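Let's take a walk through this model together, with the coordinates open beside the text. Pick a viewer you like, and follow along one region at a time.

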Amino acid sequence: MTANSGALGVTSMRTHLCGRVAISDVGTAVRVCGWVAKRREHGEHLAFIDLRDHTGIVQCVVPGTVDVRSEYVLAIEGVVRPRPEGTVNPDLPTGMVELGECSVTVLASADPPPFVVEDRVEVDEGIRLKYRYVDLRRPRMQANLRLRAAVNGALRAAMDRQGFVEVETPLLWAPTPEGAREFVVPSRLHHGSSYVLPQSPQLAKQLLMVAGVDRYYQIARCLRDEDLRADRQFEFSQLDIEASFVTQPDILGFVSEAVLDGAEAATGERPGSIETMTWAQAIDRFGTDKPDLRFGMELIDLSAVFEGTEVKAFGAPCVRAIVLPGGATLSRSRLDTLTDRAKAMGARGLAWFRVTDGEGEGAGNGGGAGNGGGAGNGGAVGLDSPLDRFLSEDERSGLLAGTAAQAGDLVLVVADEYRLACTVLGQLRVELAGRPVSEGPYRYVWVVDFPMFDGVDGAGHPVAAHHPFTMPHPDDLDRLETDPLSVRSQAYDLVLNGWELGSGSVRIHRGDIQGRVFAVLGISEEEAESRFGFLLGAFRYGAPPHAGFAVGIDRLAAIFAGEDSIREVIAFPKTQSGSDPMTGAPKPVSPGTLAELGVRSVAVPAQG
C-alpha cells in the first residue's frame, strides 16, 4: 500500500479510518490509528479501547492488559468482527462491529488532557481556547472545520464555473478609505513609514479590472482592528469578487449562485431563489437593513391613526408599532425593562397595550374598541394599558384595526422621528423573537439601493455610507450636489437570518463622477491624489465599468454549522478581548526589535 492511496484517508500507516469500519469489513484484518477516547479493562485478560480519529470511534478488544491512557496516540491492528449479541451500540456508526485479537503500538504518550474530549462536556471557553489543539479533536469542532472546507470548495467551484479567475492580492498594503481601524506594520527598511494589513482587497481588485482580468475572485484574508463580538474577529475570510462590463443584477446573480452552492454543500439542500428588497423597504418593514425574515412582527404605521392626537406621548412625526403574538402575558417588570431598553436606544419612551378578550383588566376602557373593532378581531376585545384611558374611541379602534391584534397579543408603540422609531422597534422585534441566527429555516434576502451618504461630519460634509468609490444611482445623480442625503447608491447587501453576509457595489469608473463625489465629501484634489493617487492614476489609462462583492465565509459557515458565534468555525480565534490564550498573544516586542523597526514604546495615559 502506498501513500498515494490516501484519497480516503488510507496511508501506509493505516488501512481504515476509525469511523469507517463497517459490517462489510467483517473478517478483514485492518490497521487503524488515532487517539484513545476511553480504555476499560475486564480483569487481567481483556481490555477495551475506544480509538478515535476525525471520522469517529471504533471499539478495539485487546487480549490482556495495555498500559495506555486517555489521548495516547496508538496504531491498532485487529480483525473486524460483529459485536456479541447485546453489546451493539446503535449510537455509533461503527456500533455493530469491533476489532478483535488486537495488537497495540504506542505512537505517542499523552499527559492527562485539561478536559474530556467529548461534545457533551461543557468547558469554559477560555480553557477551550488555551488548549485549542485539544478542543479541536471534539467531533463538533471537527465537523465544523470540515463543513467550512466544504463551503469553501463549493464557492470556489461556483466561481470557476462562472468564468472567474483566482488571483491573490497583497497582505502588506497602503492605508485604505474603508472606515475601520487598520493593523499597522512598521517598515524595517523605511523608518517612520508603515504598511497596513488590508481591511479588504477593495482597491487591489479594482486595479485588476483596469488590468483586464475581467472576472476576479479569491478566498481573501482580511484584518480589521475592531471590537470583537459573536460575528466579528480581527481576522476573517471572505469570498471576494469583482467583474468588468457588468451591472448590479449580474453581480447579484454571480453571488447567489455561489452562496446557494455553498448552502447545498453544507446542508444537502439547495435553497430557492433569493428575494430582493430596497433599503427603504427594509427599514420601513423591519426597522433594519439586516432584516430577519424568519418571523413576522413587521412594523406598522399608525401615524394616520394618531394624527392630531391630544395624547402627548403620541405627538410625534411618526408613530410605529409591532405586535407580539401572545405577548399579553408579559409581566409589568418585563414591560418596564422593554421601556428602558427603548429609551437607551434614544426613544422618548415605549407605549404598550395588552389586547384583552373584553373581560379582563382594562376591558372597560377598551370595550368600545372591541365593539367597533370589527377590526377583524372576531369578537369583543379591549386594551389594558396605562394610556388606554387617554385614547379617543377613534384612536382605540384605529389602533386595533391598524395592527389587527388579537386577544392575548401585545402591541408596542414608539412615537418619534421616522428613522429612530423604526430602528428602536426593529431592535425590539429581534430581541423579543429570540431566534438564534443559526436556527432554521435559512431566509436570504438581497437589500439594494442603500443611501449614498450617512449623515454629515463636523464640517458639514456628507459621510460616505459605503466607500467613496460607490457609483450613485443613475436616477439620483442630478441631486448629488443639491440634495446629497437623498441620493441612493448602487450598493447592495446579502443578509441571512438577520446577519449581514456581505456587501458590495457598482464602482465609479468615470473621472468626472469620481471628482463630483470627492467634492461633495469635502476631499480636495490634493488629498484625493495623496490618498488614492495610484487608483485614480490607473483609471486614467482606461477603466471598464465594474462591480463587486464580498461574502463573509466565517458567518456563512457558522450559520450552516448551527453556531451563533464565528469563533466556533475558526481554527484559532481570539477571545472577545482580542487575546489568544494559547500563544499568549499579543505580547511585548523586544527593545531590539523595536529599535530595528525605528519604533519606540510610549506609555499611554489611563482613560477616565
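**A pocket, a sheet and some unusual backbone**

Strand 2 contributes more than any other element to the lining of the second largest pocket, with three residues. Before going further, please keep in mind that this is a predicted model. The pocket itself has a volume of about 610 Å³. Its lining is made up of 24 residues, and those nearest the centre are A37, I57, L92, E118 and P139. Strand 2 covers residues 46-53, and it is joined in the lining by strand 1 (29-42), strand 3 (56-63) and helix 3 (139-161), each of these elements supplying at least two residues. If you are thinking about the chemistry of that lining, sorting it by class gives eleven charged, six polar and seven nonpolar residues.

Next, have a look at A75, which sits in strand 4 (residues 73-82). Is A75 buried or exposed? Its relative accessible area is 1%, and because the cut-off for buried is under 20%, A75 counts as buried. Leaving aside residues up to four places away in sequence, A75 touches R31, V32 and C33, and also S103, V104, T105 and L107. One of these partners is worth a distance check: V104 is 29 residues from A75 in sequence, yet their C-alpha atoms are 6.0 Å apart in space.

Now move along the chain to a sheet. Strands of a sheet pair through backbone hydrogen bonds, in either a parallel or an antiparallel sense. Here you will find an open sheet of five strands with antiparallel pairing, in the order 12-13-16-14-15. Its edges are strand 12 (300-301) and strand 15 (382-384), each of which pairs on one side only. At the strand 12 edge, the antiparallel pairing with strand 13 (residues 318-324) runs over two bridges. Which residue of strand 13 is the bridge partner of I300? That partner is A321. Helix 10 (residues 418-433) lies across strand 13 and strand 16 (410-416), and it runs at about 10° to strand 13.

Finally, let's turn to backbone geometry. Most peptide bonds are trans, and most residues other than glycine have a negative phi, so departures from either pattern deserve a look. Where does the model have a cis peptide bond with omega of about 0°? One joins G440 and P441, and P441 is placed in the loop that runs between helix 10 and strand 17 (444-448). The peptide bond from A585 to P586 is also cis, with omega near 0°. P586 belongs to the loop between helix 13 (553-560) and helix 14 (591-597).

As for positive phi, D214 has a value of about 80° although it is not a glycine. You can find D214 in the loop between helix 4 (202-210) and strand 9 (215-223). With 30% relative accessibility, D214 counts as partly exposed. A404 is another residue other than glycine with a positive phi, in this case near 55°. The loop that holds A404 lies between helix 9 (393-403) and strand 16, which brings us back to a strand of the five-stranded sheet. A404 has a relative accessible area of 43%, so it too is classed as partly exposed.

Key: Residues are numbered from 1 along each chain as its sequence is written. This is a predicted model: local features need pLDDT of at least 70, side-chain atom pairs count only at pLDDT 80 or more; totals for chains, interfaces and linings use all residues. Side-chain values use heavy atoms; hydrogens and water are left out. Two strands pair if DSSP finds at least two bridges between them. Helices (H or I, at least four residues) and strands (E, at least two) are DSSP runs, numbered from the N terminus. Contact means heavy atoms within 4.5 Å. Axes are lines fitted to C-alpha atoms, for helices over the stretch in contact, and angles run from 0 to 180 degrees between N-to-C directions. On a 1 Å grid over the protein atoms alone, a cavity is a set of points where a 1.4 Å probe fits but cannot get out, and a pocket is an open set with protein on both sides within 12 Å along at least five of seven lines; lining residues have an atom within 4 Å of a point. Grid points are joined across faces, edges and corners, and a volume is the space filled by probe spheres set on the points. Ala, Val, Leu, Ile, Met, Phe, Trp, Tyr, Cys and Pro count as nonpolar, Asp, Glu, Lys and Arg as charged, and the others, Gly among them, as polar. Buried means under 20% relative accessible area, exposed over 50%, partly exposed in between (1.4 Å probe, protein chains only).
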